Amino acid sequence: MAVNESPWSSPDASRPAGPAPAMPSSAHPVPPAPNGASGVTAVRSTWPGANGPPVIGPPPRLSATRPLTPAASYGAWQGVLRPPPFVVTQGPPRPTYREPLPVRSPKVTAGAAAGAAWMLLFGLLATSARGYIWLTLIAGVVAWAASFILARFGDRGVAVGVAVSSGIAVAIGGIVVAYRLAGGDWLLW
C-alpha cells in the first residue's frame with residue numbers, strides 16, 4: 001500500500017520571483033524590524049481560513065449601526081431597554097355591578113320561617129309514621145320547586161331560607177325511616 005504525500009506547499013514557496021504583487025485584501029503588512037532598520041515593508045499573506053491578526057480591545061458597538069426594529073421605532077418596550085412610564089389615563093369610570101335583590105339575613109330568616117311553617121303543616125296532617133314520611137317527601141319536593149322559582153324569578157334570600165328549612169325537614173324524615181329500618185320495618189312500602 002502506497003502513501004501519497006500531499007501536494008501542499010507554503011504560499012511563499014510558490015510565488016515567482018519578480019516585483020511584489022499588489023497586496024490582496026486578506027494580506028497584512030509585516031511590521032518593520034524593531035532595531036529601526038529601514039527597508040521595504042514585506043507583505044505577509046494570511047493562511048487559508050485565517051481572519052487576520054487578533055483585535056485587542058472591546059468589540060465594536062453594533063447597536064449604533066444596527067437599524068431600529070419596527071417595534072422600537074413605535075416606542076414599544078424591547079425587553080432590554082427600560083419599560084415605558086406608567087401612565088394613568090382618566091377614561092370613563094369602570095362600571096359597578098350591584099345585585100338588584102341582595103341576599104340579606106332578614107330575607108333568609110323569613111324564607112326559613114315560611115318553609116318551616118309549610119313543612120309543619122304537612123307534618124301535622126299525618127296520622128301515622130308512614131303518612132308522615134310520604135307527606136314530608138311531597139311537601140319537600142313542592143318546597144324545593146317553589147325555592148327554585150323564587151331563586152330564578154323572585155327573591156333569592158327567601159329561596160335560600162325555604163330550601164334550608166325544607167331540607168332539614170326531609171332529613172328528619174330520613175332519620176325516622178333509618179330508625180324504623182334498623183328495627184326491621186320499612187316505612188315507605
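**Exercise 1. Describe the surface and the overall build of the chain.**

Begin with the accessible surface, which in this predicted model comes to about 15600 Å² for the chain, with 67% of that area belonging to carbon and sulfur atoms. Next, turn to burial: of the 189 residues of the chain, 13% count as buried. Then take the secondary structure, which consists of four helices and two strands, arranged along the sequence in the pattern β-β-α-α-α-α. Finally, look at the contacts between residues at least 6 apart in sequence, of which 54% join residues at least 24 apart.

**Exercise 2. Find which residues make up the nonpolar surface patch, and place Val160 within the fold.**

The patch covers about 400 Å² and is made by Val103, Val160, Val164, Ile168 and Ile172. Val160 itself sits in helix H4, which spans residues 156–182. Its relative accessibility is 37%, and Val160 therefore counts as partly exposed, since that class lies between the limits of 20% and 50%.

**Exercise 3. Identify the largest nonpolar core and trace the surroundings of Met119.**

The largest nonpolar core has five residues in all, namely Met119, Phe122, Ala139, Ala169 and Val170. Helix H2, residues 105–124, and helix H4 each supply at least two residues of this core.

Now consider Met119, which is placed in helix H2 and is buried, with a relative accessible area of 7%. If residues up to four places away in sequence are not counted, Met119 touches Thr136, Ala139, Gly140, Ser165, Ser166, Ala169 and Val170. For one of these partners, Ala139, the separation along the chain is 20 residues, while the C-alpha atoms of Met119 and Ala139 are 6.3 Å apart.

The picture can be completed from the side of two of these partners. Ala169, with its neighbours within four places in sequence left aside, is in contact with Met119, Tyr132 and Thr136. Ser166 is found in helix H4 and is buried, its relative accessible area being 0%; with neighbours within four places again left aside, Ser166 is in contact with Met119, Ala143 and Trp144.

**Exercise 4. Work out what surrounds Asp155, and which parts of the chain its salt bridge ties together.**

First locate the residue: Asp155 lies in the loop between helix H3, residues 129–153, and helix H4. With a relative accessible area of 12%, Asp155 is buried, because this value is under 20%. Residues up to four places away in sequence aside, Asp155 touches Leu101, Lys107 and Leu150. Within its own stretch of sequence, a polar atom of the Asp155 side chain lies 3.1 Å from the backbone nitrogen of Gly157.

Then examine the charge pairing. Side chains of opposite charge can pair when their charged atoms come close. Lys107 forms a salt bridge with Asp155, and the closest N and O atoms are 3.1 Å apart. Lys107 lies in helix H2 and Asp155 in the loop between H3 and H4, so this pair ties together parts that are 48 residues apart in sequence. Burial also separates the two partners, for Lys107 is partly exposed at 37% relative accessible area, whereas Asp155 is buried at 12%.

**Exercise 5. State how many salt bridges the whole structure holds, and describe the pair formed by Asp185.**

A search of the whole structure finds two salt bridges. Asp185 forms one with Arg180, where the closest N and O atoms are 2.8 Å apart. Asp185 counts as partly exposed at 29% relative accessibility, and Arg180 counts as partly exposed at 32%.

Conventions: Residues are numbered from 1 along each chain as its sequence is written. This is a predicted model: local features need pLDDT of at least 70, side-chain atom pairs count only at pLDDT 80 or more; totals for chains, interfaces and linings use all residues. Side-chain values use heavy atoms; hydrogens and water are left out. Patches are made of residues with over 30% relative accessible area and no salt bridge: like charges are joined within 9 Å, nonpolar side chains (Val, Leu, Ile, Met, Phe, Trp, Tyr) within 5 Å. Accessible areas come from the Shrake-Rupley method with a 1.4 Å probe; for residues, only the protein chains shown count as cover. A salt bridge is a side-chain nitrogen of Lys or Arg within 4 Å of a carboxyl oxygen of Asp or Glu. Buried means under 20% relative accessible area, exposed over 50%, partly exposed in between (1.4 Å probe, protein chains only). Contact means heavy atoms within 4.5 Å. A nonpolar core is a set of buried Ala, Val, Leu, Ile, Met, Phe, Trp, Tyr and Cys residues joined through side-chain atoms within 4.5 Å. A polar contact is a pair of N or O atoms within 3.5 Å; within protein, one must be able to donate a hydrogen and the other to accept it, and residues adjacent in sequence count only if both atoms are side-chain atoms.
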